[in-house]
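Welcome, and please open your viewer. Let's take a short walk through this chain, one selection at a time.

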Amino acid sequence: NLLGASLIRLLTSTDDGNRLADRIDGSDPAVVTELLRLDTPVQAVARTATADQIVGGIDIDCGEMALVCLAAANRDPDVYDRPAEFLPGRRGPAPLTFGHGMHYCLGVALARLEIGTALRHILSRRPFLAGPPIWRDTPAIRGPLSVPVRFTN
């Protein structure tokens, strides 16, 4: 999901008239972090409160379920300046794409390595979209079902 969404972003986004895909090193950790923030594949997760607490002015009782919208947290304007823009190397906390604390993904290093390596190799072949991508039709997972690309070399 992240690879497909990242390719779509990099192949369709421009900066000063130049495609991001033509000037971005997909294996750069700052690029990978920003793609993870903007194109969070898992949009939301459910959690059970382990204590009574107030979050954002809302009372959550111990044992109640809460839906944590990772995608919204990763674009929170109170946390990230210009949150809808692709700005590798931006200041701010790490995105919540891989969770946090005891729920932090154990496979984060492998996932980052995989996405960086895949993007570096794919982008080196100077791809372009050969047709419209088809997106998943689900609120929980964000990503394309297909990304038709052609390579120029």
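Does Arg 9 count as buried or exposed, and at what relative accessibility? Select Arg 9 and look: with a relative accessibility of 17%, this residue counts as buried, since the cut-off for buried is under 20%. Keep in mind along the way that you are looking at a predicted model.

**First stop: around Asp 39**

Keep Arg 9 selected and add Asp 39. Their side chains form a salt bridge, 2.8 Å from N to O. This pair connects distant parts of the chain, 30 residues apart: Arg 9 sits in helix H1 (residues 2-12), and Asp 39 in the loop between helix H2 (29-38) and strand E3 (44-48). Asp 39 is buried too, at a relative accessible area of 1%.

Now add Arg 142 to the selection. Asp 39 also makes a salt bridge with Arg 142, and here the closest N and O atoms are 3.0 Å apart. Arg 142 belongs to the loop between strand E8 (134-135) and strand E9 (144-146), while Asp 39 is in the loop between H2 and E3, so this pair ties together parts 103 residues apart in sequence. At 27% relative accessibility, Arg 142 counts as partly exposed. Through shared partners, the salt bridges join Arg 9, Asp 39 and Arg 142 into one network.

**Second stop: Arg 90 and Glu 34**

Clear the selection and pick Arg 90 with Glu 34. Their side chains meet in a salt bridge of 3.0 Å, N to O. Arg 90 is in the loop between helix H3 (70-73) and helix H4 (108-124), Glu 34 is in helix H2, and the two are 56 residues apart. Both of these residues are buried. A search of the whole structure finds seven salt bridges, including the ones you have just visited.

**Third stop: helix H4**

Next, select H4 and view it from the side. With 17 residues at 1.5 Å each, H4 should span 24 Å, and the distance between its end C-alpha atoms agrees at 24 Å.

Which residues of H4 are buried? Color Val 108, Ile 115, Gly 116, Leu 119 and Leu 123 to see them. They cover an arc of only 95° around the axis, which means they lie on the same side of H4. For the other side, pick Ala 109, Leu 110 and Leu 113, which are exposed. Then show H1, H2 and strand E7 (127-129), which are among what covers the buried residues of H4.

Finish at Arg 126, just after H4, where phi is positive at about 50°.

Note on methods:
Residues numbered from 1 in each chain as written. Predicted model: local features only at pLDDT ≥ 70, side-chain atom pairs only at ≥ 80, totals over all residues. Heavy atoms only, no water. Salt bridge = Lys/Arg side-chain N within 4 Å of Asp/Glu carboxyl O. Helix = DSSP H or I, 4+ residues; strand = E, 2+ residues; numbered from the N terminus. Buried < 20%, exposed > 50% of the residue type's maximum accessible area, 1.4 Å probe, protein only. Expected span 1.5 Å × (residues − 1). Arc of directions from axis to C-beta. Contact = heavy atoms within 4.5 Å.
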